[in-house]
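Subject: Structure handover

Hello,

Here is the structure we spoke about. Please open it alongside this note; the findings follow below.

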Amino acid sequence: MPHREIVESFIALVVQGKYVEAIEEFYTEDASMQENQEPPRKGRALLVEGELKALAALKEIRTLAAKSFLVDGDRVAINWLFELVAHDGRSFQLEEIAYQQWRGDRIFEERFYYDPAQRKLA
């Protein structure tokens, strides 16, 4: 079960834009991530690889806020707000809920819930 301070440390890394570092530091080796109804990706190495690909596909990803978060035993929910900027300068905001299951001080399972219609470049 993560202590609130551990979750706050995880959030702080993400807000700083240290996405890969957050995965390396806060996810178990056998962790999984899932986007909405997509199949989960499994294994920390694969999660890091996927994050690097996502970062390369965009000019910039900015974490605007962790609007709120809840800790309930080994479950954590974080309401994120991101701004994603394409290489041509167009951007969009993405608000999502990350629902996580923790093992001790590390994330074992994470699923993201968001409306895909938000992903329209302006």
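First, a definition for the pocket lining: Ala, Val, Leu, Ile, Met, Phe, Trp, Tyr, Cys and Pro count as nonpolar, Asp, Glu, Lys and Arg as charged, and the others, Gly among them, as polar. Note too that this is a predicted model.

**Pocket**

On that scheme, the lining of the largest pocket splits into 18 nonpolar residues, one polar and six charged. The lining has 25 residues. Glu35, Glu51, Ala54, Glu96 and Phe112 lie nearest the pocket's centre. The space inside the largest pocket comes to about 620 Å³. Helix 1 (4-15), helix 2, strand 1, helix 3, strand 4, strand 5 and strand 6 each give two or more residues to the lining. Helix 3 supplies the largest share, with five residues.

**Sheet**

The sheet is open and has six strands. Their order is 2-1-6-5-4-3, and the pairing is mixed. Strand 2 (41-42) and strand 3 (60-72) are at the edges. Each has a single partner strand, so one side of each is left without a neighbour in the sheet.

Strand 4 (residues 75-85) and strand 5 (residues 91-103) are antiparallel, with eleven bridges. Val85 has Ser91 of strand 5 as its bridge partner.

Two helices pack on this sheet. Helix 2 (residues 19-26) touches strand 1 (27-35), strand 3, strand 4, strand 5 and strand 6 (106-113). The direction of helix 2 makes about 130° with that of strand 1. Helix 3 (residues 44-57) touches strand 1, strand 2, strand 3 and strand 6. For helix 3, the angle with the direction of strand 1 is about 50°.

**Strand 1**

Strand 1 pairs with strand 6 in the parallel sense, over five bridges. Here Met33 has Glu110 of strand 6 as its bridge partner. With strand 2, strand 1 runs antiparallel, joined by two bridges. Ser32 stands opposite Lys42 of strand 2. Strands 1 and 2 form a hairpin with five residues between them. In the turn, Asn36 has a positive phi of about 45°.

Is Thr28, in strand 1, buried or exposed? The cut-off for buried is under 20% relative accessible area. Thr28 has 8% relative accessibility, so Thr28 counts as buried. Leaving out residues up to four places away in sequence, Thr28 touches Arg44, Arg103, Arg106, Ile107 and Phe108.

Best regards

Conventions. Residues are numbered from 1 along each chain as its sequence is written. This is a predicted model: local features need pLDDT of at least 70, side-chain atom pairs count only at pLDDT 80 or more; totals for chains, interfaces and linings use all residues. Side-chain values use heavy atoms; hydrogens and water are left out. Two strands pair if DSSP finds at least two bridges between them. Helices (H or I, at least four residues) and strands (E, at least two) are DSSP runs, numbered from the N terminus. Contact means heavy atoms within 4.5 Å. Axes are lines fitted to C-alpha atoms, for helices over the stretch in contact, and angles run from 0 to 180 degrees between N-to-C directions. Buried means under 20% relative accessible area, exposed over 50%, partly exposed in between (1.4 Å probe, protein chains only). On a 1 Å grid over the protein atoms alone, a cavity is a set of points where a 1.4 Å probe fits but cannot get out, and a pocket is an open set with protein on both sides within 12 Å along at least five of seven lines; lining residues have an atom within 4 Å of a point. Grid points are joined across faces, edges and corners, and a volume is the space filled by probe spheres set on the points.
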